[in-house]
Structures are given as structure tokens and as C-alpha cells.
Amino acid sequence: MMFQEFSLPHVYFMLQGLAWTIGLAVIALTGGSIAGSLLALMAVSRNRWVRRVAKLYIFVVQGTPLLVTLFIAYFGANYVGFEVPPLVAISIAFSFYAAAFLGEIWRGSIHSVPIGQSEGAHALGLSRFDAMRYIIIPQAVKIATPPTVGFFVMLIKNTSLASVVSITELTRTAQIVSNATFKPLQVYLLAALFYFLVCFPLTIVSRKLERRLHKS
Amino acid sequence: MNYLDFGGVFSRMDLLISGAILTMQVSLLAMLFALCLATLVAVMQLSRFATVRFVAVAYIEAIRNTPFIVQLFVIYFGLPAIGMSLEPLPSAILAMTFYGGAYTSEIIRAGIQAVSKGQIEAGKSLGMSTLDIFRYIIIKPAIAAVYPSMVSQFILLLLSSSVVSAISVPELTGIGNDIQGITLRNMEVYLVIAAMYVALVALLKGGLTLIERRVFPFKFLKG
């Protein structure tokens with residue numbers, strides 16, 4: 001059996017995979033942000049049951065391996081009776097996953113705004129909604145930014161698991177190229193390098209933001 | 001709309017439990033090795049020598065900015081190209097050790113840096129040997145201080161063990177893949193597995209808390 005030479009077209013193919021990797025991570029971040037902000041607000045609700053539902057959701061999703069969550073989404077669409085393309089099912093699964101982590105990060109950020117701030121808002125006669133909107137959230141966003149960027153890095157790395165259910169993102173393209181060229185070491189190291197080149201700058205940004213936050 | 005039928009899954013519960021046991025064994029071994037590696041790397045990071053520090057930082061950044069599954073593939077599929085063939089199980093444990101070690105070392109370093117200089121000086125003035133100072137004054141209180149973060153990290157490591165099913169290690173997820181191949185009851189299988197992972201996480205958390213009480217009783221003294 002003949003193997004192909006590991007050459008430039010393979011690298012282009014993997015770069016296309018990288019584009020999908022980033023695309024999938026951005027979709028998950030967007031979907032996760034919407035559900036995650038709702039979850040964070042639920043987790044700081046005054047109603048005990050609303051808080052419990054949010055906490056249970058976070059506990060279950062964080063306690064399940066992402067791979068298993070992906071399998072459930074991948075196979076589960078049929079059970080709900082929808083004809084969903086795998087890419088859509090996986091995007092939804094990643095969004096649910098991201099929501100749990102972002103919800104937890106943002107709940108923590110809201111809680112770390114000093115209590116005096118909401119007491120002050122209350123003393124000034126602001127409604128709870130207005131206090132959230134004008135006093136708490138703007139300060140919480142600042143605290144939340146570094147860990148959110150950090151989670152985005154985690155999300156980019158974790159989209160690699162979509163390769164197991166045959167989404168052709170970077171890791172999947174690397175598998176295909178590795179099988180075609182039989183140069184697994186070079187191919188997977190190149191894939192690792194691509195991930196590193198995307199993730200490392202973001203890691204640095206996250207760290208810089210955190211340092212700036214600690215200074216102020 | 002199909003109906004859920006757990007019969008085929010529950011009749012193979014013994015297989016799933018053996019998978020869960022392997023998941024636990026692989027994870028516990030990886031945690032132990034990762035803890036040793038992490039301590040070494042944390043100490044290297046605080047070394048006087050720039051080269052030693054660089055090696056430690058390069059390792060940490062390389063691991064933290066690439067996906068676990070790619071690291072696993074480099075070890076399992078890539079290393080044979082340079083004459084290092086490993087079976088799936090050792091590959092999995094090695095990959096998990098390197099992966100867990102990088103994150104854990106950052107946690108331990110934070111703990112070591114939180115130990116105050118005065119403590120170490122007090123140890124010296126009491127005539128303790130360097131090894132004893134490291135053991136009793138630096139590393140033990142350091143790990144005691146960052147224990148909760150370490151527990152979270154180990155839980156993530158347990159969950160990431162599901163990924164090693166991709167190189168055909170018959171742990172919980174791998175067994176699940178087999179069972180869904182036989183029964184075609186994919187949804188049921190993965191729901192049961194998800195529940196089993198949640199249970200394993202709870203078990204691990206409980207176990208690590210017990211260890212915390214045994215190893216660091218001073219954290220629980222009522223003052």
C-alpha cells in the first residue's frame with residue numbers, strides 16, 4: 001500500500017480544520033453566553049428553588065465528561081424526534097456545556113462584587129433590577145473577563161473532542177492526514193502547534209487582564 | 001420518537017461496572033503520578049537557574065495550550081515513530097499524568113509561594129534539615145492550602161479519562177461504546193454512563209475529603 005507524502009495540501013486541509021475548530025468554539029461561546037448569563041442570574045436569585053435548579057444543572061453538566069455529553073447530543077436528537085445534522089447537535093451540546101461553566105464563573109463574579117455596592121444601591125432606592133443592571137453587572141463583568149477568556153481557551157481545546165463524532169475540525173483533519181501519510185508524529189505535533197498558536201496568545205491576554213484587575 | 005429501553009443496558013451492568021473500576025484505577029494512578037510530577041515541576045519553576053525554570057514553564061504552557069486528545073495521540077500514535085511503542089493503557093496513564101501534572105503544578109506553585117519566609121527561617125533556626133524543611137514546612141502546608149483547587153483539578157482529570165476510550169482503553173466510556181455497538185441503544189447507554197460518572201465524581205470528592213481529614217487534621221481544629 002502506498003502512502004501519500006506529507007505535503008503542503010495536507011497542511012492547508014488542516015488549516016481548514018482549524019477554521020472549523022475556531023468556528024465551533026465561537027458558536028459555543030455565543031450560545032453558552034446566552035444560557036450562561038441566564039444561569040448565573042438564576043444562581044443568585046432570591047428564590048431558593050430557582051437557585052437549586054441552576055446549581056443542579058451546573059453540577060450535572062460539570063460532573064459529566066464532555067465526550068459523553070457529545071454522544072448524548074449526537075445520538076439524542078433522534079429521540080426527541082428531530083432530524084438534526086450532527087454539526088448542529090454538537091454545537092448545541094457545546095453551548096450547553098459552555099453555559100454550565102460560564103454560569104458558574106459569572107455567578108462567582110457577581111458574588112465577588114462587594115456587598116456594600118448592592119446595599120448602597122438599595123439605600124439609594126434603586127430597584128433590584130436597576131441595581132443589577134447599573135451597579136452590580138458592570139463591576140462583575142470586569143471581574144469575569146479574565147476567567148472567561150481562560151474558559152474560551154478551554155473551549156477551543158475541547159472542540160477537539162468533536163473529532164470523535166466525525167466533525168472535521170482540526171483534530172479530525174489531523175487523523176485523516178495521519179492515516180493518509182502515515183506520519184502520525186509530525187501530523188499530531190503540527191496539530192498541537194496550531195492549537196498552541198491560537199490558545200497561547202489568548203492565555204497571555206487572560207493573564208494580563210487578571211494582573212491589571214489585581215492592580216486596580 | 002423512539003422509546004427509551006434500558007433493558008439491554010442494565011443486563012450488561014457488570015461490564016459497565018468493570019469499566020467504571022478501570023476508570024477509577026486509571027484516574028487514581030494518573031492523579032498520584034501527576035501529583036509527584038507537579039511537585040517536581042513546581043519546585044523547578046521556583047529554581048535559581050533560568051534554564052530549569054524555562055523547561056518547567058515550557059512544559060506547562062505546551063500542555064495547557066493544546067488539547068488532551070492531541071497529546072494522547074502524540075503519545076499513542078506518534079511515539080512509535082521514534083521507537084517507543086506503548087500499549088493503550090500505559091499510553092493513557094502517561095498522557096493523563098503529563099496533562100494533570102501541568103495544571104496541578106500551577107496549583108502547587110501557588111501553594112508554595114504562599115508559605116511565608118519566616119516559617120522556613122524558623123525551621124532553619126530549629127536545626128531542621130533541608131529535606132525536612134521541604135517536607136514539613138513547605139510542601140505539606142502548601143498542599144493543605146491549595147487542597148480544594150487540587151480536588152477540582154483531579155475531578156477534571158477523572159472526567160478527561162473518558163477521552164482515552166479513543167485509543168480503545170476499555171474504561172467506562174469505551175465499554176459504553178462497545179455496548180451501544182451491540183445493542184444499538186446509544187441514548188440509553190450514554191445516559192446511564194453520564195449518571196455513573198456523576199456518581200464517580202461524588203465518590204472521588206468524598207474520598208478526597210476523607211483523605212484531607214486524615215492527612216491535614218490541623219485544618220479541622222476548632223480554635
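**Group meeting: helix crossing and chain contact**

OK, so let's start in chain B, where helix 3 passes helix 5 in a left-handed crossing, meaning the near helix is turned anticlockwise from the far one by less than a right angle. Helices here are DSSP runs (H or I, at least four residues), numbered from the N terminus. This is a predicted model, where local features need pLDDT of at least 70 and side-chain atom pairs count only at pLDDT 80 or more, while totals for chains, interfaces and linings use all residues. Residues count from 1 along each chain as its sequence is written, and chains are lettered from A, ligands numbered from 1, in the order written.

Back to that pair: helix 3 of chain B (residues 50-64) and helix 5 of chain B (residues 88-114) pack at about 115°, axes 9 Å apart. Those axes are lines fitted to C-alpha atoms over the stretch in contact, with angles from 0 to 180 degrees between N-to-C directions.

Who touches whom? Tyr59(B), Ile60(B), Ile63(B) and Arg64(B) from helix 3 meet helix 5 residues including Phe98(B), Tyr99(B) and Glu106(B); contact is C-beta atoms, placed from the backbone, within 7 Å. That patch divides into 7 nonpolar, 1 polar and 2 charged residues. Nonpolar is Ala, Val, Leu, Ile, Met, Phe, Trp, Tyr, Cys and Pro; charged is Asp, Glu, Lys and Arg; the others, Gly among them, are polar.

Now between chains: chain A brings 32 residues to the contact and chain B 30. On chain A's side, helix 8 of chain A gives the largest share, 11 residues. That side splits into 20 nonpolar, 11 polar and 1 charged.

Notes. Contact = placed C-beta atoms within 7 Å. Helix = DSSP H or I, 4+ residues; strand = E, 2+ residues; numbered from the N terminus.
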